[in-house]
Amino acid sequence: MALVSLQNVSLSFGGAPLLENLNLQIEKNQNICLLGRNGAGKTSLMRTIAGEQAPDSGVVQVSQGVRISHFAQKIPDNLSGSVFSIIAAGLGASGELLVRYHELEKSYNSGDQTETALLERLRHQIEDANAWNCLDEIGRVTSRLGIESDWQYENLSGGQKRRVILAAALVSRPDVLLLDEPTNHLDINTIAWLEEFLQRLGITILFVTHDRMLLRRLASRIIELDRGHLYDWSCDYDTFLRRKEELLAAEAKDWERFDKKLAQEEVWIRKGIKARRTRNEGRVRSLKKLREERRQRRQHVGKVSMQISVAQNSGKDVIEARNLVFSYPPNDIIRDFSLKISRGDKIGIIGANGCGKTTLVKLLLGQLKPHAGEVEYGTNLEILYYDQMREQLDESKTVWENVLPTGDVVEVDGRSVHIITYLQNFLFTPDRAKTKVSVLSGGERNRVLLARLFSRPANLLVLDEPTNDLDVETLELLEELLIDFPGTVLLICHDRTFLNNVASSTIVFAENGEVREIVGGYDEWLNERKLQEDDARRKAEAVKAERLAKSAAEPGTKPIKMSFKEKQELQQLPGLIEQKELEISQIEQKLSDPEFYRTGTGAADLASRLKQLEEELMTDLQRWEDLQNRNDQQ
């Protein structure tokens, strides 16, 4: 039996229906990717499945007991409070109890009788609500996502906020998880983690994504929303691409035959009197039916026809940075960084959220002054900057006014183009061109900013996360434009496939704080990182082997004898290790037992003790290995 079933579901907001008599069955343990152009209705379909949007007609059936969690595309901007309170909010009344318990437990004073009585009353209420398991689940999920329960949501980066919202979706162990663009604004390491996490989650997932690497690795079934209808391909992404091309070719031939027949009938009807004879009335009715069928046909959404206005060539040397230093005390962001950018370079920039990628770009553009070092610029630079937060758009103005504040003609590569025609190349109809930006979707806003920027000549493009919210077809066109662009490109991007296809070199903000440039894109960085890790491991093993061989084989030398105290330590360590492993096991069992939270406080102290024991255990194991190696040589 299907977990979720849609039967003849229709939905429209004026104009052509977004969803038209859709039928969909979502089964257990499926990873389903929902594809479709920007504005096709993917988000509306997700909201309908989640019960947040009622359809105009049709039925959405959710099997009894099936829990659905929806991870929306947009990060909520009206949330505040602790991470714990936001995650627990999705649990209803149980969540409210857990939040009160969590806050009181942090500041609990055992000598305060009022607090003791309140804590005891909360424990009974939580037990009655059967909510202790939820508390344990919150701890496990936040740990896996690398977030802390006591963090304040409003102080977090975009990537951290998305982890919080994702934790809220996961914490109730949903049967069906709806993910609408889950990789947007996540850093590249978190995207790789999310991909691995979802692969082993073991629940049904319906997701929308423009990340082609995630799509290829996660999806076992493809469904596509196209002109109000849903097509179920039940295959992987590469097979879908091949089959879709074949379908479109067949559809084009069918339409060509239909249009030819309609044209012939139109010629016939215009001949006049014969068409009005009784014996030809059936043919007249057939013609009317053909006309109506042609009128009802929904054309494919056109492809974006973007074109970058190219300025005259810059000098061969574009930007040279020497020994840059910049910090936000107490943290150093950039340390002794040098870079030479030449005309035609396509440079990607990757790293964790908050590591300093945008700061580096602003240093290179002269928008920030380095604390040390210098930046030198080449000649004839014409720079266009695409900001991640789209702050260049005025939401109170229309699409037209944002792209062209005055007048109605755009100059594109020396050609005069009317603004309406120009915006149609970015899939904005004449009516949509006069719509205020505030009501546009994320993908449409992205296209507005691209239209605004590409109308101005440039030879240096600086793009900060340009791929967010774009559909795959537009993404691939943007790739082609940047590859063919004769100027220079600086690209902050977390789309791994996009980086592989565009970047000729990549600046990497590594986890150890190092910033350096490598040749190639994301895959080359992965390969280089793996080679470095393998090389470091081999060197460590070689040093260890050399030390052992040298002490055992060098003429005239003898291994350093173990002292009596060290021999005693070697004998005692196994027992000490066993005791710590036992205590760790006992603490883990206690922390996972809901009864513990009812009968006492001190969860934070136990967690701290657990961390201390794990660190001591690692030290003891390393010490035992060193002593055992020395003992074996004697």
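**Note on the predicted model: the sheet around strand E17, its helices and its salt bridges**

1. Strand E17 (residues 460-464) is mostly covered, with five of its five residues buried, where buried means under 20% relative accessible area, exposed over 50% and partly exposed in between, for a 1.4 Å probe and protein chains only. Helices (H or I, at least four residues) and strands (E, at least two) are DSSP runs numbered from the N terminus. The model is predicted, so that local features need pLDDT of at least 70 and side-chain atom pairs count only at pLDDT 80 or more, while totals for chains, interfaces and linings use all residues. Residues are numbered from 1 along each chain as its sequence is written, and side-chain values use heavy atoms, with hydrogens and water left out.

2. In a regular strand the side chains alternate between the two faces of the sheet. For E17 both faces are covered, since Leu 460, Val 462 and Asp 464 on one side and Leu 461 and Leu 463 on the other are all buried.

3. The pairing of E17 can be followed on either side, two strands being taken to pair if DSSP finds at least two bridges between them. With strand E14 (residues 383-386), E17 pairs in the parallel sense over four bridges, and Val 462 in E17 is the bridge partner of Tyr 385. With strand E18 (residues 488-492), E17 again pairs in the parallel sense, here over five bridges; Val 462 has Leu 490 in E18 as its bridge partner.

4. The connection from E17 to E18 involves helix H16 (residues 472-484), and the three elements make a right-handed β-α-β unit. The crossover is called right-handed if, with the strands pointing away from the viewer, the path from the first strand over the helix to the second runs clockwise.

5. The wider sheet is open and consists of six strands in the order E14-E17-E18-E12-E19-E20, with mixed pairing. E14 and strand E20 (515-519) stand at the edges with a single partner strand each, so one side of each is left without a neighbour in the sheet. From one strand to the next the twist averages 15°, axes being lines fitted to C-alpha atoms, for helices over the stretch in contact, and angles running from 0 to 180 degrees between N-to-C directions.

6. Helix H11 (residues 357-365) packs on this sheet and touches strand E12 (346-350), E14, E17, E18 and strand E19 (505-509), its direction making about 160° with that of E14; contact means heavy atoms within 4.5 Å. Thr 359 lies in H11 and is buried, with a relative accessible area of 11%. Leaving aside residues up to four places away in sequence, Thr 359 touches Phe 326, Tyr 328, Ile 333 and Leu 368.

7. Helix H15 (residues 442-454) is mostly covered, with 13 of its 13 residues buried. At 1.5 Å a residue its 13 residues should span 18 Å, and the end C-alpha atoms are 18 Å apart, which agrees; the expected span is 1.5 Å times one less than the number of residues.

8. The structure holds 28 salt bridges, each defined as a side-chain nitrogen of Lys or Arg within 4 Å of a carboxyl oxygen of Asp or Glu. In one of these the side chains of Glu 479 and Arg 212 meet at 2.5 Å, N to O. Glu 479 lies in H16 and Arg 212 in helix H8 (residues 212-218), so the pair ties together parts that are 267 residues apart in sequence. Glu 479 counts as buried at 6% relative accessibility, and Arg 212 counts as buried at 3%.

9. In helix H18 (residues 522-553), Arg 538 and Asp 535 are three residues apart and thus separated by about one helical turn; their salt bridge has its closest N and O atoms 3.9 Å apart. Asp 535 also meets Lys 539 in a salt bridge of 3.3 Å, N to O, and counts as partly exposed at 30% relative accessibility. Elsewhere, Glu 195, Asp 211, Arg 217 and Arg 496 are linked in a network of salt bridges.

10. Two backbone angles deserve a reviewer's look. Asn 21, in strand E2 (residues 19-26), has a positive phi near 50° though it is a residue other than glycine, and counts as partly exposed at 47% relative accessibility. Leu 427, in the loop between helix H13 (419-424) and helix H14 (430-433), has a positive phi of about 70° although it is not a glycine, and is partly exposed with a relative accessible area of 21%.
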